[in-house]
Amino acid sequence: MKDIRELDRIFNPQTVAVVGDKADMGYMWLRNMSTFEGRLYSVQIDPKEIPGIEALGVKNYTSLLDIPEPIDYVLVSVPRQVTPRIIADCITKGVGGVALFSSGFAETVTEEGIRLQDIITEMARKAELKLIGPNCMGIFNPRLGIRNGFNQYYGEGGPVGFISQSGTHSIWFSEVGVINGVKVSKSVSYGNAVVLDSTDYLEYLLQDEETEIIGIYIEGVKDGRRFFKVLRETTPHKPVVIWKGGVTDDGARATASHTGVLAESPVIWDAVIKQCGAIKVDNLEEMVDAVKALLYLKPTTGDRVGLIAMSGGQSVVVTDTFARDGLRVPTLSDESYAEFATFFNIVGGSYRNPLDISSNLGSVDLVLRMIEILERDENVDAVVLELAMDFLARVAERGEGFLEQLLDGMVDFKERSPKPFLTILVPGSEEVAAVEARGRITERGIPCFPDFHRGANALKKVVEYHRFLTTQS
């Protein structure tokens with residue numbers, strides 16, 4: 001296993017240089033890096049570009065070698081034919097690492113693109129230069145303000161590391177994730193992976209103290225045996241969620257033209273993921289949901305759920321959905337039924353499991369009491385509460401503060417209970433209000449999902465991961 005310090009300099013830089021940023025791109029990279037808390041430099045030889053760069057408050061040099069201090073991380077945005085010269089300067093300068101935003105290499109399947117990629121690869125390997133890409137967005141470290149998208153947040157990191165062969169998925173994971181209470185420690189978009197591959201970043205994040213959970217979007221690997229070995233070493237210590245691109249014949253062809261890698265058999269990938277105890281997902285939503293569930297749900301190996309729905313029809317649908325997704329909806333204990341019988345309004349409702357509480361939404365205390373009965377039940381491993389926005393809006397008409405009072409009670413319950421607790425807020429006709437309400441719930445540390453399937457699927461993945469951990473002890 002590599003020493004973490006080999007990559008730490010580029011993931012936690014004190015100095016950054018952007019090479020080749022231009023006005024026709026809106027000085028994209030210098031603006032992305034404007035939030036960097038360290039020292040930022042520009043390298044640009046075109047005299048027409050320099051006034052615009054300096055207007056951003058960034059010192060420009062016409063050569064990387066002229067910058068009067070060591071540089072930890074270099075982001076390169078130049079035409080592909082210029083990249084060998086820039087790589088040579090990086091080697092001479094002794095930089096910590098380089099990310100090549102520049103594209104047009106082997107992924108184009110052209111003689112010139114392949115030739116140039118071979119040149120920069122050989123240069124970097126011979127000099128032991130840490131090269132990210134080409135055809136990538138590089139590093140995102142929100143705590144330090146290192147960004148690869150102008151809309152990405154900064155100033156505070158989180159516990160989730162993300163490795164992505166795609167720049168778009170890397171940016172979207174951070175932007176969609178933060179809305180769902182998932183913040184990034186560090187992420188990397190690594191493109192064609194000519195020198196550093198996914199396995200190198202996985203090794204790094206395994207050792208990184210800021211990272212507790214790892215997500216990966218991957219299209220292919222250079223060394224499958226090494227990836228398998230490192231993944232198997234990682235999952236007993238940190239959950240790894242894997243989204244594999246290029247699993248169909250058409251997707252494999254798209255992968256080759258995207259990052260120039262060959263996609264492996266999906267059967268092999270599924271076997272590797274299962275054997276190593278990693279968590280398989282198929283899209284961005286599943287990735288964010290699984291990570292959110294791992295972050296916020298108490299660990300459990302049990303698959304029996306106590307379900308609370310806000311109407312009779314929903315109680316049937318939520319039961320079907322959780323059952324189809326491999327979870328069980330058991331009958332409750334006699335003690336639970338006896339307690340429900342003392343107060344539950346069965347006119348228009350039911351407390352068999354699932355609970356239909358449409359006639360029992362009179363007070364927050366009543367809802368919390370039902371949650372606690374399910375939590376105490378010996379037949380229940382996890383508690384799920386549906387919050388239908390239409391019903392919440394109707395209750396809110398009776399008085400202000402219902403959702404806030406319920407939130408306070410749910411937060412207190414979650415902190416006390418050893419069992420996983422999650423909410424599902426379906427929008428009905430109140431889509432805009434539902435988005436805002438989900439955000440408020442998530443801010444309080446309670447995982448909230450927009451539909452039954454996404455909630456069930458996320459909980460199932462948590463159960464499977466913790467079952468895997470029991471086989472490792």
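**Notes on a predicted model: two sheets, some helices, two residues**

1. **A place to begin.** Ala309 stands opposite Asp356, a residue of S15. Keep in mind that this is a predicted model. Ala309 is one of the residues of strand S13, and the side of S13 to which it points is shared with Val305 and Leu307. Start there, then work outwards.

2. **The partners of S13.** Strand S13 covers residues 305–309, and strand S15 covers residues 355–356. These two strands pair in the parallel sense, over two bridges. Ile308 stands opposite Leu355 of S15. S13 is also joined to S16, by four bridges. S13 and S16 run parallel. Here Val305 has Ala382 of S16 opposite. In general, the strands of a sheet pair through backbone hydrogen bonds, parallel or antiparallel.

3. **How is S13 placed: enclosed or open?** Five of its five residues are buried, so S13 is largely enclosed by the rest of the structure. The cut-off for buried is under 20% relative accessible area. Look at the directions too. Val305, Leu307 and Ala309 point one way, while Gly306 and Ile308 point the other way. In a regular strand, side chains alternate between the two faces of the sheet.

4. **The sheet around S13.** This sheet is open and has six strands. Their order is S14-S15-S13-S16-S17-S18, with mixed pairing. Which strands sit at the edges? They are strand S14 (350–351) and strand S18 (448–449), each of which pairs on one side only. Helix H14 (residues 364–376) packs on the sheet. H14 touches S13, S15, strand S16 (382–386) and strand S17 (421–424). The direction of H14 makes about 165° with that of S13.

5. **A second open sheet.** Six strands also make up the sheet with the order S7-S9-S8-S10-S11-S12. Its pairing is mixed. The edge strands are strand S7 (138–140) and strand S12 (279–281), each pairing on one side only. From one strand to the next, the twist averages 15°.

6. **Inside that sheet.** Strand S8 (residues 160–164) and strand S9 (residues 184–189) run parallel, joined by five bridges. One pair to find on screen is Gly161 with Lys186, its bridge partner in S9. Helix H8 (residues 224–234) packs on the sheet. H8 touches strand S10 (213–218) and strand S11 (240–244). The direction of H8 makes about 145° with that of S11.

7. **Helix H6: a length check.** H6 runs over residues 167–179 and has 13 residues. At 1.5 Å a residue, the helix should span 18 Å. The expected span takes one less than the number of residues, because that is how the rule is set. The end C-alpha atoms of H6 are 19 Å apart, which agrees.

8. **Helix H6: its ends.** At the start, a side-chain oxygen of Ser166 comes within 3.3 Å of the backbone nitrogen of Thr168. Just after the helix, Gly181 has a positive phi of about 75°.

9. **What does the buried part of H6 pack against?** The buried residues are Gly167, His169, Ser170, Ile171, Phe173, Ser174 and Gly177. They pack against S7, S8, S9, S10, S11 and helix H11 (284–296).

10. **Thr442.** This residue lies in helix H17 (residues 431–443). Its relative accessibility is 7%, so Thr442 counts as buried. Set aside its neighbours within four places in sequence, and Thr442 is in contact with Ile179, Asn180, Gly181 and Cys448. Gly181 is the residue with positive phi just after H6.

11. **Ser417.** Where is Ser417? It sits in the loop between helix H16 (402–416) and S17. At 3% relative accessibility, Ser417 counts as buried. Leaving aside neighbours within four places in sequence, Ser417 is in contact with Lys298 and Glu375. With Glu375 there is a polar contact of 3.2 Å between the side chains.

12. **The whole protein.** The secondary structure comes to 18 helices and 18 strands. The radius of gyration is 26 Å, close to the 23 Å that the globule rule gives for 473 residues, so the protein is as compact as a globular protein of that length. The C-alpha trace spans about 80 × 50 × 35 Å along its principal axes. Of the 473 residues, 59% count as buried. Among contacts with a separation of 6 or more, 74% come from residues 24 or more positions apart.

Terms used. Residues are numbered from 1 along each chain as its sequence is written. This is a predicted model: local features need pLDDT of at least 70, side-chain atom pairs count only at pLDDT 80 or more; totals for chains, interfaces and linings use all residues. Side-chain values use heavy atoms; hydrogens and water are left out. Two strands pair if DSSP finds at least two bridges between them. Axes are lines fitted to C-alpha atoms, for helices over the stretch in contact, and angles run from 0 to 180 degrees between N-to-C directions. Contact means heavy atoms within 4.5 Å. Buried means under 20% relative accessible area, exposed over 50%, partly exposed in between (1.4 Å probe, protein chains only). A polar contact is a pair of N or O atoms within 3.5 Å; within protein, one must be able to donate a hydrogen and the other to accept it, and residues adjacent in sequence count only if both atoms are side-chain atoms. The radius of gyration is taken over C-alpha atoms; the globule rule is 2.2 Å times the number of residues to the power 0.38.
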